[in-house]
Amino acid sequence: MENSATDIDALACLRGLQSSGTIACATRGMDGAPRVRFLSGLHFELDAVYLLASRGMPFARQLMRDDRIQLLSEARPGVSVRLTGHAVPVPEEEQVRWRLVIFDERPRYRDLYPAFKHDDSLVFVVRDGFFEWLDLVSEPILRVYVPFGNGRVVPSGYRIGETCTRCGTCLSSCPQHSIVSGNPFRIVQEHCLQCGACVKTCPRQAIVAV
Ligand code: SF4
Ligand code: SF4
């Protein structure tokens, strides 16, 4: 099943993130280096993702120090969904409520980590951020950025700047044919692999990373 960019909204991204059941979660370790692990103690609402941890876990301690987080999942083979945002503890008076919601959905957590039964557990919530939907199966590929909550999209990739002289040299370098004529030429971001192959072909250094 192929999607178009207009099909991909925050709800589609949430469903895609949820669909695999096991989600990779990246944080920054105490030394600043990346840390990634699989998570399944999660609960999804339309406007939030809740994560269960134990206060002593490195994962929780890392988030208390630096709340930046990425969640990554495979919506279906070749299609990934990534949520970039900030994970903050839910207010103390709501901790038990969300812990019990996650226990109900993931009963094995009741026994797997006994500490979760007590005040040692800590539920975080991600409310604001942005999704990146990346479909490498479609032709051309499809990459869509979608805000989540009040989050702001921070795109990556390449842009063509005002120094473009419209010479057309870059056109044949793009494996996705995602560069289109104009003044200046333009990269169709939805179909860009972000491979950078076009950059070195430009005699005016008009193609720059963002
Ligand atoms: S090669 Fe550079 S100057 Fe020429 S069309 Fe492409 S971006 Fe513009
Ligand atoms: S970064 Fe790669 S896919 Fe994107 S426009 Fe340049 S050559 Fe094409």
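**Two domains, two cores and a ligand shell**

In this predicted model, the domain assignment divides the protein chain into domain 1, residues 5-148, and domain 2, residues 158-209. The centres of the two domains, taken over C-alpha atoms, are separated by 35 Å. Where the domains touch, six residues of domain 1 and eight residues of domain 2 take part in the contact. On the side of domain 1, five of these residues are nonpolar, one is charged and none is polar.

The interior may be considered next. In soluble globular proteins, nonpolar side chains tend to be buried together. Here the largest nonpolar core has 37 residues, of which Cys13, Tyr50, Leu51, Phe124, Phe131 and Val146 touch the most other members. Strand S7, residues 121-135, supplies the largest share of this core, with eight residues. Leaving aside residues up to four places away in sequence, Phe131 touches Ala10, Cys13, Val81, Arg82, Leu83, Tyr145, Val146 and Phe148. A second core, separate from the largest one, has twelve residues, including Cys174, Ile179, Phe185 and Cys198.

Ligand 2 has 14 residues around it, and those that come nearest are Cys174, Cys192, Leu193, Cys195 and Cys198. The shell around this ligand comprises nine nonpolar and five polar residues, with no charged residues.

A contrast to the buried cores is offered by Leu100, which lies in helix H3, residues 92-105. Leu100 counts as exposed because 12 other C-beta atoms lie within 10 Å, and a residue is exposed if that number is 12 or fewer. The C-alpha atom of Leu100 is 9.3 Å from that of Arg110, ten residues apart along the chain.

Technical notes: Residues are numbered from 1 along each chain as its sequence is written. Chains are lettered from A and ligands numbered from 1 in the order in which they are written. This is a predicted model: local features need pLDDT of at least 70, side-chain atom pairs count only at pLDDT 80 or more; totals for chains, interfaces and linings use all residues. A nonpolar core is a set of buried Ala, Val, Leu, Ile, Met, Phe, Trp, Tyr and Cys residues joined through C-beta atoms within 7 Å. A residue is buried if 20 or more other C-beta atoms lie within 10 Å of its own, exposed if 12 or fewer, and partly exposed in between; C-beta atoms are placed from the backbone. Helices (H or I, at least four residues) and strands (E, at least two) are DSSP runs, numbered from the N terminus. Two residues are in contact if their C-beta atoms, placed from the backbone, lie within 7 Å. A residue is near a molecule or strand if its C-beta atom, placed from the backbone, lies within 6 Å of it. Ala, Val, Leu, Ile, Met, Phe, Trp, Tyr, Cys and Pro count as nonpolar, Asp, Glu, Lys and Arg as charged, and the others, Gly among them, as polar. Domain bounds come from an automatic or database domain assignment.
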